[in-house]
Amino acid sequence: MNAAEIAPAAARVDKRWVVWTGRVLSALPVAMLTMSGVIKLTHLPDFVKRWTETMGFPESALTPIGLLELACVALYLVPRTAALGAILVAAYLGGAVATHV
């Protein structure tokens with residue numbers, strides 16, 4: 001065996017490690033955004049009170065924003081549209097930060 005035959009096998013091992021690290025690191029924001037979207041869609045009384053009184057949003061905006069959030073996460077999860085999903089998630093979170101300033 002020469003070095004040319006060993007190198008591709010070593011590259012595959014390293015690449016699998018990188019792929020799984022990326023998947024694990026992507027799971028945390030996906031879980032948090034999914035949970036946030038589901039809470040918005042279920043209209044939990046405590047959240048609705050905070051949404052309307054503290055944040056000042058109308059209750060009617062709760063469902064569309066929850067659906068938008070879940071749509072961004074869905075685009076992020078599909079490998080073919082992951083780049084678009086990442087941009088939309090970043091824009092969504094940027095809008096969330098802007099509403100709290």
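This section describes the two largest pockets of a predicted model.

The largest pocket has a volume of about 540 Å³. Its lining comprises 20 residues. Among these, S36, K40, E69, Y92 and A96 lie closest to the pocket centre. Four helices each give two or more residues to this lining: α1 (3-42), α2 (45-54), α3 (62-77) and α4 (82-100). The largest share comes from α1, with 7 residues. By class, the lining of the largest pocket holds 13 nonpolar residues, 4 polar residues and 3 charged residues.

The second largest pocket has a volume of about 210 Å³. The residues that line this pocket are G22, R23, S26, A27, V30, Y76, L77, P79 and A82. Here, α1 and α3 each supply at least two residues. The largest share again belongs to α1, which provides 5 residues. The lining of the second largest pocket divides into 6 nonpolar, 2 polar and 1 charged residues.

Helix α1 thus links the two descriptions. It makes the largest contribution to the lining of the largest pocket, and it does so for the second largest pocket as well. Helix α3 also gives at least two residues to the second lining, and it is one of the elements that give two or more to the lining of the largest pocket. In the largest pocket, nonpolar residues number 13; in the second largest, they number 6.

Technical notes: Residues numbered from 1 in each chain as written. Predicted model: local features only at pLDDT ≥ 70, side-chain atom pairs only at ≥ 80, totals over all residues. Heavy atoms only, no water. 1 Å grid on protein atoms, 1.4 Å probe; cavity = no way out; pocket = protein on both sides within 12 Å on 5 of 7 lines; lining within 4 Å. Points joined across faces, edges and corners; volume = space filled by probe spheres on them. Nonpolar A, V, L, I, M, F, W, Y, C, P; charged D, E, K, R; others polar.
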